[in-house]
Amino acid sequence: MKQTQTDWEAAYLRGDTPWEKGKAHPALVDFLTESGPIAGEILVPGCGFGYDVRALSASANHVIGIDVAQFAIDKARSFPKIAREKYLLADLFALPTEFDCKFDAVFEHTCFCAIEPGMRANYVETISRVLKSAGKMIAIFFLNPDHDEDGPPYGVSRAELDSLFEAQFFLEKEWIPRRTYESREERELMRILRRL
């Protein structure tokens, strides 16, 4: 079942948003607690209501969250600012050229698992395009959703991740998050990838 921009907006308008958990991903919070704020320009694709954006936002950086649903962007903008975070209505696959080599880091949480699996190679190309040389992707991949593969979220295997990213990224570290949302225990993989 292919999702379109209209579908995501309609889902928000219906309140059919199981991906909106009302808080930043616990594994992201743990990562930032252990490593400190990420400096520089950071992109968060598929940011939804912006919980992860605000968790990332600090005086040492500038975080931009993008989403294809206007409802999500409006909601994200309604929260008090943490620092200099910004939310844009944008399609990850149609970003303007000023985004090329702009970002020091990309945080992935809900975008990769929501796109059609056939778009994953395009996703990798886009992330590589927007990152600076040696920029990092900090990602939480959903390995095993609790439904058939007929719609998002779409699961992914380690082997597929390796195949998709290995030509353009170096895998620095991976681990199973010790804290996550309820019912996702042992079903996610966190990776730090550096653009070659």
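Helix H5, residues 120-130, lies across strands E1 (40-45), E4, E5, E6 and E7. Its direction runs at about 140 degrees to that of E5. I should state at once that this is a predicted model.

The sheet beneath this description is an open one of 7 strands. Its order is E3-E2-E1-E4-E5-E7-E6, and the pairing is mixed. Which strands stand at the edges? They are E3, residues 86-89, and E6; each has a single partner strand, so one side of each is left without a neighbour in the sheet. On average, neighbouring strands are turned by 20 degrees against each other, direction ignored.

One pairing may serve as an example. E4 and E5 run parallel and are joined by 5 bridges. Glu108 stands opposite Ala139, a residue of E5. A second helix also packs on the sheet: H4, residues 70-78, touches E2 (61-67) and E3, and its direction makes about 165 degrees with that of E3.

Let me turn to helix H2, which spans residues 26-35. Which of its residues are buried? They are Pro26, Ala27, Leu28, Asp30, Phe31 and Leu32. The cover over these buried residues includes helix H3 (51-56) together with four strands, namely E4 (103-108), E5 (131-142), E6 (169-175) and E7 (188-195). After H2 comes Gly36, with a positive phi near 85 degrees.

Two residues other than glycine also have a positive phi, and I take them in turn. For Cys101 the value is near 55 degrees. Cys101 lies in the loop between E3 and E4, and because its relative accessibility is 45%, it counts as partly exposed. For Ala134 phi is near 70 degrees. Ala134 is placed within strand E5 rather than in a loop, and its relative accessibility of 38% makes it partly exposed as well.

Cys101 leads to the matter of disulfides. How many does a search of the whole structure find? The number is 0. Why is Cys101 not bonded to another cysteine? The closest cysteine sulfur, in Cys111, is 19 Å from the sulfur of Cys101, which is too far for a bond. Cys111 is likewise in no disulfide, as the nearest cysteine sulfur, that of Cys113, is 8.3 Å away, whereas a disulfide requires the two sulfur atoms to be within 2.5 Å. With a relative accessibility of 10%, Cys111 counts as buried.

I close with the chain as a whole. The protein chain has 6 helices and 7 strands, and along the sequence they follow the pattern α-α-β-α-β-α-β-β-α-β-α-β-β. The radius of gyration is 15 Å, close to the 16 Å that the globule rule gives for 196 residues, so the chain is as compact as a globular protein of that length. The C-alpha trace spans about 40 × 40 × 35 Å along its principal axes.

Of the 196 residues, 49% are buried. Among contacts between residues at least 6 apart in sequence, 68% join residues at least 24 apart. The chain exposes about 9,300 Å², of which carbon and sulfur atoms supply 52%.

Note on methods. Residues numbered from 1 in each chain as written. Predicted model: local features only at pLDDT ≥ 70, side-chain atom pairs only at ≥ 80, totals over all residues. Heavy atoms only, no water. Buried < 20%, exposed > 50% of the residue type's maximum accessible area, 1.4 Å probe, protein only. Helix = DSSP H or I, 4+ residues; strand = E, 2+ residues; numbered from the N terminus. Contact = heavy atoms within 4.5 Å. Pairing = 2+ DSSP bridges. Axes fitted to C-alpha atoms, helices over the stretch in contact; angles between N-to-C directions. Rg over C-alpha atoms; globule rule 2.2 N^0.38 Å. Areas by Shrake-Rupley, 256 points an atom, 1.4 Å probe, with all protein chains shown as cover.
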